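This report describes one protein model for a reader who is new to structural biology. Please look at the sequence and the structure below before reading on.

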Amino acid sequence: MLGDFITRCLILLLGYAYPGFECYKTVERNRVDNEELRFWCQYWIIVALFTVLEKFADVLIGWLPLYGEMKLALFIYLWYPTTKGTGHVYNTVLRPYVSKNEGDIDKKFQEWRARAWDLAIFYWQNCTELGQSAFFQVFDHLAAQSKRFSGKTSTKKKDKHDPPTPSAPPLPSIRSSFFENNQNNITSRKKK
């Protein structure tokens, strides 16, 4: 458990924070080296793709031992100055695939964007209708409770001419019944 936590922290630091800082330094320099800027842009493209694929891979192969450590090693491989694996992964895997299927990928993204917008509008309408319905149900319930409580707790001022309202007979106290029973026991014993 702790190993997984440490691995995730290292992935955040070495996979996102450090490369992000390096990218920032590259962009903010007075003279931006196009090759270095290209390298960091390629890195972030690969990391974005990897982050999307990772959500599915975690479910399918996340059970493998050292899976988190393998992800960490991949991130370090991508940006490490000696290996600079970003260029290799980008040029041998990503670029050929995307170049070949760019039109289809673009159409899919357009489709998904349109569907996502329709879905967002559908859910917005349903949520507002549900929220409005729930609000009025709560309001009706509170109003009914208010009427119920106001009917029970309302007291009229008694007028001198109003007949007295019948009240329940007083309950015998426990103490008096206890003493009566003891008195009966005492008198019965004396008679014997």
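A salt bridge is here a side-chain nitrogen of Lys or Arg within 4 Å of a carboxyl oxygen of Asp or Glu. The model is predicted, so local features need pLDDT of at least 70 and side-chain atom pairs count only at pLDDT 80 or more, while totals for chains, interfaces and linings use all residues. Residues are numbered from 1 along each chain as its sequence is written, and side-chain values use heavy atoms, with hydrogens and water left out.

## Salt bridges

By this rule, the model contains 2 salt bridges. K71 forms a salt bridge with D58, in which the closest N and O atoms are 3.3 Å apart. K71 lies in helix α3 and D58 in helix α2, so this pair ties together parts that are 13 residues apart in sequence. Helices are DSSP runs of H or I with at least four residues, strands are runs of E with at least two, and both are numbered from the N terminus.

The side chains of E54 and K71 also meet in a salt bridge, with an N to O distance of 2.7 Å. This pair likewise links distant parts of the chain: E54 belongs to helix α2 (residues 34-61) and K71 to helix α3 (residues 67-79), 17 residues apart. E54, D58 and K71 are thus linked in a network of salt bridges.

How accessible are the residues of this network? A residue is called buried under 20% relative accessible area, exposed over 50%, and partly exposed in between (1.4 Å probe, protein chains only). E54 is buried, with a relative accessible area of 10%, and K71 is buried as well, at 8%. D58, by contrast, is partly exposed at 26%.

Which residues does K71 touch, leaving aside its neighbours within four places in sequence? With contact meaning heavy atoms within 4.5 Å, K71 is in contact with I11, F50, E54 and D58.

## The packing of α2 and α3

The two helices that carry the salt bridges also pack together. α2 and α3 pack at an angle of about 170°, and their axes are 11 Å apart. Axes are lines fitted to C-alpha atoms, for helices over the stretch in contact, and angles run from 0 to 180 degrees between N-to-C directions. Angles under 35 degrees count as roughly parallel, over 145 as roughly antiparallel, 65 to 115 as roughly perpendicular and the rest as oblique. α2 and α3 are therefore roughly antiparallel to each other.

From α2, the contact is made by F39, W40, Y43, I46, V47, F50, E54, A57, D58 and I61. From α3, the residues that take part are Y67, K71, L74, F75, L78 and W79. The residues of this contact divide into 13 nonpolar, no polar and 3 charged. In this classification, Ala, Val, Leu, Ile, Met, Phe, Trp, Tyr, Cys and Pro count as nonpolar, Asp, Glu, Lys and Arg as charged, and the others, Gly among them, as polar.

## Two loop residues and a buried glycine

Two residues other than glycine have a positive phi value, as the table shows.

| Residue | Location | Phi | Relative accessibility |
|---|---|---|---|
| L66 | loop between α2 and α3 | near 65° | 57%, exposed |
| K84 | loop between α3 and α4 (85-153) | near 40° | 41%, partly exposed |

G15 lies in helix α1 (residues 2-28). At 0% relative accessibility, G15 counts as buried. Not counting residues up to four places away in sequence, G15 touches L10, Y43, W44, V47 and F75. G15 and W79 are 64 residues apart in sequence, and their C-alpha atoms are 8.5 Å apart in space.

## The protein as a whole

The protein has 5 helices and 0 strands, and from the N terminus on its elements run α-α-α-α-α. Of its 192 residues, 14% count as buried. Among contacts between residues at least 6 apart in sequence, 60% join residues at least 24 apart. The protein exposes about 16500 Å², of which carbon and sulfur atoms supply 64%. Accessible areas come from the Shrake-Rupley method with a 1.4 Å probe, and for residues only the protein chains shown count as cover.
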